[in-house]
Amino acid sequence: MSSSRSFAEFFVPEHDAVLTARGRAADLGCEPIGSGAGAALTFLAAVLSARAVVEIGTGTGVSGLHLLAGMAKDGVLTSIDIEAEHQRAAKEVFTVFGVTPGRARLINGRGLEVMPRLTDGAYDLVLVDADRTGYPQYVGEAIRLLRTGGILVLAGALHGDKVADPTQRDAETIAVREAGRIVRDDETLVPMMTSLGDGLLAAVKR
C-alpha cells in the first residue's frame, strides 16, 4: 500500500470498541472491513441521519459499530449473519461498549433467505459484506429494501484487485464483477466506487 493510500486508509482513528471487535475477528478467523471503509460507512450513515440500516454480514461487529456511530441516536441496525459464533462476539462487544439492545437487531440466518422478509422501501442504507458469490442476488434485494435517497454499499468490490483483471475468472470474482455491472447500469441508481480497503461500491437510489 502506498504511503498516500495508507495515510487515507488510517486517517480517521478507530474507537476502542472497533479495535476490540477487530481483535475478536482475528481470533475467530473472519476478515472485517478496513479502517478507511469503516470511516466511509460512518460518514454515509451520518449524511443520511440513518434510522434504519440493514447489514448483511455481521462478523464480530466492526462494520456495525461504524454504522451505529453515524446513525441517528434512535436508529436501529438490523444485522444478518449465518455464523452464530460471530454474532455472539458482536453482541458481546456491543454490550460492553454501551450499544443498547434495541439499537442492534441481530438475525442469525442466510441473507438471501432473511432479506425477502424485510419491508420494501423501509431502509436508509443497506451494506452487503457477505458471501461474494451471492452479490448479484444481494443487489436486487437491497434495491428493493431501500427508500428513495437511500444508499447501497458493497464491501470488497475490488475483491483483492481481481475484479479489474479480466483474466481472473473464479466464481467469486465473476459474481462481484457482475454485481458491480448491475449497480453501474441500473438507471435507478447513482453509483461510485472507491479503492479504500478492498474496494467500496456505493450507489444512491433515485
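# Working through a predicted fold

Strand 4 is a good place to start: six of its six residues are buried, so the rest of the structure largely encloses it. Keep in mind that what you're looking at is a predicted model.

## Exercise 1: Around strand 4

Task: find the strands that pair with strand 4, and say in which sense they run.

Solution.
- Step 1. Start with strand 1. Strand 1 and strand 4 pair in the parallel sense, with four bridges between them. Across this pairing, Ile56 stands opposite Val128 in strand 4.
- Step 2. Now go to strand 5. Strand 4 and strand 5 run parallel too, and five bridges join them. Here Val128 has Leu154 of strand 5 as its bridge partner.
- Step 3. Put the two together: Val128 stands opposite Ile56 and is also bridged to Leu154 in strand 5.

## Exercise 2: The whole sheet

Task: work out the order of the strands in the sheet, and which strands sit at its edges.

Solution.
- Step 1. Write down the order. Seven strands make an open sheet, and they go 3-2-1-4-5-7-6.
- Step 2. Look at the two ends. Strand 3 (104-108) and strand 6 (189-194) are the edge strands, each pairing on one side only.
- Step 3. Check the directions. The pairing in the sheet is mixed. For an antiparallel case, take strand 6 and strand 7 (residues 200-205), which pair over six bridges. Met193 stands opposite Leu201 of strand 7.
- Step 4. Add the twist, which averages 15° from one strand to the next.

## Exercise 3: Helices on the sheet

Task: say which strands helix 4 lies across, and which strands helix 7 touches.

Solution.
- Step 1. Helix 4 lies across strand 1 (52-56), strand 2 (76-81) and strand 4 (123-128). Its direction is at about 165° to strand 1.
- Step 2. Helix 7 (residues 135-145) packs on the sheet as well, and touches strand 1, strand 4, strand 5 (146-155), strand 6 and strand 7. The direction of helix 7 makes about 155° with that of strand 5.
- Step 3. How many of the residues of helix 7 are buried? Eight of its 11 residues are, which leaves the helix mostly covered. Among them are Tyr135, Pro136, Val139 and Leu145.

## Exercise 4: Two helix pairs

Task: decide for each pair whether the helices are roughly parallel or roughly antiparallel: helix 2 with helix 4, and helix 7 with helix 8.

Solution.
- Step 1. Know what to look for. Two packed helices are described by the angle between their axes and the distance between the axes.
- Step 2. Take helix 2 (residues 16-28) and helix 4 (residues 62-70). Their axes come within 8 Å and cross at roughly 165°. Angles over 145 degrees count as roughly antiparallel, so that's what helix 2 and helix 4 are. Their crossing is right-handed.
- Step 3. See who makes that contact: Ala17, Val18, Ala21 and Arg22 from helix 2, with Val62, Leu65 and His66 from helix 4. By type, that's five nonpolar, one polar and one charged.
- Step 4. Now take helix 7 and helix 8, whose axes are 7 Å apart and at an angle of about 30°. Angles under 35 degrees count as roughly parallel, so helix 7 is roughly parallel to helix 8.
- Step 5. In this contact, Tyr135, Pro136 and Val139 of helix 7 meet Ala175, Val176, Glu178, Ala179, Ile182 and Val183 of helix 8. Eight of the contact residues are nonpolar, none is polar and one is charged.

## Exercise 5: Four single residues

Task: sort Thr173, His159, Asp161 and Ile82 into buried, partly exposed or exposed.

Solution.
- Step 1. Thr173 belongs to helix 8 (residues 171-185). Its relative accessibility is 0%, so Thr173 is buried. Beyond residues up to four places away in sequence, Thr173 touches His159, Lys162, Val163 and Gln168.
- Step 2. His159 lies in the loop between strand 5 and helix 8. With a relative accessible area of 11%, His159 is buried.
- Step 3. Asp161 is also in the loop between strand 5 and helix 8. At 55%, Asp161 counts as exposed.
- Step 4. Pause on the backbone. Most residues other than glycine have a negative phi. His159, though not a glycine, has a positive phi of about 45°, and Asp161, not a glycine either, has a positive phi of about 65°.
- Step 5. Ile82 sits in the loop between strand 2 and helix 5 (84-96). Its relative accessible area is 44%, so Ile82 is partly exposed. Setting aside neighbours within four places in sequence, Ile82 is in contact with Asn108, Gly109 and Arg110.

Technical notes: Residues numbered from 1 in each chain as written. Predicted model: local features only at pLDDT ≥ 70, side-chain atom pairs only at ≥ 80, totals over all residues. Heavy atoms only, no water. Axes fitted to C-alpha atoms, helices over the stretch in contact; angles between N-to-C directions. Parallel < 35°, antiparallel > 145°, perpendicular 65-115°, else oblique. Left-handed = near helix turned anticlockwise from the far one by under 90°. Contact = heavy atoms within 4.5 Å. Nonpolar A, V, L, I, M, F, W, Y, C, P; charged D, E, K, R; others polar. Pairing = 2+ DSSP bridges. Buried < 20%, exposed > 50% of the residue type's maximum accessible area, 1.4 Å probe, protein only.
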